[in-house]
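Q: Please take a close look at a single part of this model. I would like one strand and its surroundings, followed outward through the side-chain pairs.

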Amino acid sequence: MSSNLPVHLTVEKKRKSGKVIELQGTAHTFILCIGDSNCISRVTENKDKWVVCVETVLQARKVLRERLRMKLKPEFIICNISGNTVDLLSLREFLQETKEYEEVPLFVYTDFLTVEVRWELQKTGGIDDLLTASVTPEIFAEKLSMARRLRELTKKAESAAKTKRQPLKYYINHFFKRAMDIAVAGTLLLLLSPVLLLVALLIKIESKGPVFYISHRAGNGYKIFNFYKFRTMVVNADKLVSEMSHLNQYDTNGNDPVFFKVSNDPRVTRLGGFLRNSSMDELPQLLNVLLGHMSIVGNRPLPLYEAATLTTDDYAGRFLAPAGITGLWQIKKRGQKDMSVKERINLDISYAENHSVLYDMWILANTPNALIQKDNV
């Protein structure tokens, strides 16, 4: 490829000269860009990458089918939505339905991030990360590495689950646990529906923005899903994390896995503080339970930037348990300032090794005492 030509012109030139197929012997991957290709040069410095740029998702699907017949797979896909409308939902569904493309990282790039754009992307789901003009090649390399690592862990966990023969009590426990989850979550959603509607109305009255906070979380076996909570912070609170790192409750000194929690977090709204301290912000997760993403009792599903730091043998055991709304950590240490990272992880691992329906019932019985936090975190 001529490095002096724009990406889309270079690709078009090679198409006309009939040389695209010749790359089959020299490259087994390529980068697929949907929309303006200028973002590619901003996030990667590798000049040797083969880039295919298209304008629409329909064209992207055609290119992916063609490359699949050539046994070529994209290294990653970037959708540049700056000034364009891209059917991300259609693309995500196509990738998930095509087995060969299930593991391909999908990123979205935008020059100008607005509340509306963030909300639409959160509703779409299935996106590894959102890139902006501030993302450097070094930062993108880390994001790409994390996306790949989480996919590898998910694949290994699924493979191990299929090949490992479980004792009969495992299946009995799983059946009763799922039955209890559906019964409890369904009943609570029905009984609390007036409360849920009232909270949603109050959130809209207090501040602009969506009622729900939806994020990607890693649960059992590192599986990634959309996680629902009532929004308790100001809009775009995620952007302020780096500016508040010195206030992190978990003082790791760079040696331990990353958790982020701040006492008296300034990003929390007045109503949000009440919802957090009363644990009412967690109620939308009952929907996650009904969908099978979570259980009533389990280890908390983690944001991807936290889960990515817990991939060693010492920590990965906590992902062997179901993701849950409440759990051993909540009834032991929730809301306390004197909790270390290792202590929290050890509680998660302990639950993963000992969880059962009876153990869950004991945790549920002790959960009411933990609902009212001891500290604003």
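A: Start at Arg148, which is partly exposed, with a relative accessible area of 34%. This is a predicted model. Arg148 forms a salt bridge with Glu75, and their closest N and O atoms are 2.8 Å apart. Arg148 lies in helix α6 (residues 137-163) and Glu75 in strand β3, so the salt bridge ties together parts that are 73 residues apart in sequence. Glu75 itself is buried, at a relative accessible area of 16%. The cut-off for buried is under 20%.

That leads to strand β3 as the part to examine. Strand β3 covers residues 73-80. Of its 8 residues, 7 are buried, so the strand is largely enclosed by the rest of the structure.

Now its partners. Strand β1 (residues 29-34) pairs with β3 in the parallel sense, over 6 bridges. Within that pairing, Cys33 has Ile78 of β3 as its bridge partner. Strand β4 (residues 106-109) also pairs with β3 in the parallel sense, here over 4 bridges. Cys79 has Val108 in β4 as its bridge partner. In a regular strand, side chains alternate between the two faces of the sheet.

Next, the rings. The model has 8 aromatic pairs. One of them joins Phe76 and Phe107 edge-to-face, at 6.3 Å centre to centre and 85° between the planes. Phe76 belongs to strand β3 and Phe107 to strand β4, 31 residues apart, and the pair links distant parts of the chain. Both rings are on buried residues, Phe76 and Phe107. Phe140 joins these two in one aromatic cluster. Another aromatic pair, Tyr351 with Tyr359, is stacked, at 5.9 Å between centres and 25° between planes. Tyr351 counts as buried, at 0% relative accessibility.

Charges also sit over rings. Arg67 lies over the face of Phe30, 5.7 Å from the ring centre. Arg344 takes such a place over Trp329, at 4.1 Å from the ring centre.

Back to the salt bridges, for context. The structure holds 8 of them. Among them is Lys229 with Asp281, where the closest N and O atoms are 3.3 Å apart. Lys229 is in strand β7 and Asp281 in the loop between α8 (270-277) and α9 (285-291), so this pair ties together parts that are 52 residues apart in sequence. Lys229 is buried at 13% relative accessibility, and Asp281 is buried at 2%. Lys229 and Asp281 also belong to a network of salt bridges with Glu282 and Arg300.

Another salt bridge joins Asp348 and Arg318, at 2.9 Å from N to O. Asp348 lies in helix α13 (residues 341-354) and Arg318 in the loop between α11 (313-316) and β10 (324-326), so this pair ties together parts that are 30 residues apart in sequence. Asp348 is buried at 3% relative accessible area, and Arg318 is buried at 2%.

Strand β7 has a sheet of its own to place. It belongs to an open sheet of 3 strands, in the order β7-β6-β9, with antiparallel pairing. β7 (224-230) and β9 (302-303) stand at the edges with a single partner strand each, so one side of each has no neighbour in the sheet. Strand β6 (residues 212-218) is joined to β7 by 7 bridges, and the two run antiparallel. Arg217 stands opposite Phe225 in β7.

Terms used. Residues numbered from 1 in each chain as written. Predicted model: local features only at pLDDT ≥ 70, side-chain atom pairs only at ≥ 80, totals over all residues. Heavy atoms only, no water. Buried < 20%, exposed > 50% of the residue type's maximum accessible area, 1.4 Å probe, protein only. Pairing = 2+ DSSP bridges. Phe/Tyr/Trp six-rings, centres within 6.5 Å; stacked < 30°, edge-to-face > 60°. Lys NZ or Arg CZ within 6 Å of the ring centre and 35° of its normal. Salt bridge = Lys/Arg side-chain N within 4 Å of Asp/Glu carboxyl O.
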